[in-house]
Amino acid sequence: MAPYTLPPATPRPQLNYNRAHKTTRAVVERGIGQLKRRFHVLHGEVRLRPEKVSKLIIACAILHNICKVRQIAEPLEDGDEDEDGDNDEDGGMLTEQVLRMGMVFDPPGYPE
């Protein structure tokens, strides 16, 4: 649903709806940004059937939540440096930490 276009004398419920819409959209966009930083497969076009894409996104969200619980740092933005001053492509050991936890995601039929 889209926000209301606000004429000068806008009813209060429409203002409340627009405020809630704006807040919710900001939260959703931050979450999508976090997933895209952690899982680069989500950056561009994903060439899978919609059913598989939805499973991929759910798997990424689950792994992201596990990483947050275990306090695994989010990957760095391009050009940023991590604590030891280098710029690891995996964003500061994320891949190593996930593998050490035994979390390998390789479903049958998943493209390599």
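How many salt bridges does the structure hold? The count is four, and three of these pairs are worth a walk-through below. Keep in mind that this is a predicted model, so let's begin with confidence. The mean pLDDT of the protein is 76, with 67% of its residues at 70 or more. Two stretches drop below 50. Residues 84-95 make up one of them, and beyond near neighbours in sequence this stretch still has 17 contacts in the model. Residues 103-107 also fall below 50, here with eight contacts beyond near neighbours in sequence.

Now to the charged pairs. Side chains of opposite charge can pair when their charged atoms come close. Take E74 and R37: their closest N and O atoms sit 2.7 Å apart, and they form a salt bridge. This one ties together distant parts of the chain, since R37 belongs to helix α1 (residues 12-38) while E74 lies in the loop between α2 (50-69) and α3 (94-100), 37 residues away. Both partners are partly exposed: E74 has a relative accessible area of 24%, and R37 comes in at 27%.

Next, look at R47 and E45, another salt bridge, where the closest N and O atoms are 3.9 Å apart. That distance still counts because the cut-off for a salt bridge is 4 Å. R47 is exposed, at 71% relative accessible area, and E45 is exposed too, at 64%.

Finally, E51 pairs with R49, the closest N and O atoms being 3.2 Å apart. Here E51 is partly exposed at 45% relative accessibility, whereas R49 counts as exposed at 51%, because exposed means over 50%.

Key:
Residues numbered from 1 in each chain as written. Predicted model: local features only at pLDDT ≥ 70, side-chain atom pairs only at ≥ 80, totals over all residues. Heavy atoms only, no water. pLDDT = per-residue confidence, 0-100. Contact = heavy atoms within 4.5 Å. Salt bridge = Lys/Arg side-chain N within 4 Å of Asp/Glu carboxyl O. Helix = DSSP H or I, 4+ residues; strand = E, 2+ residues; numbered from the N terminus. Buried < 20%, exposed > 50% of the residue type's maximum accessible area, 1.4 Å probe, protein only.
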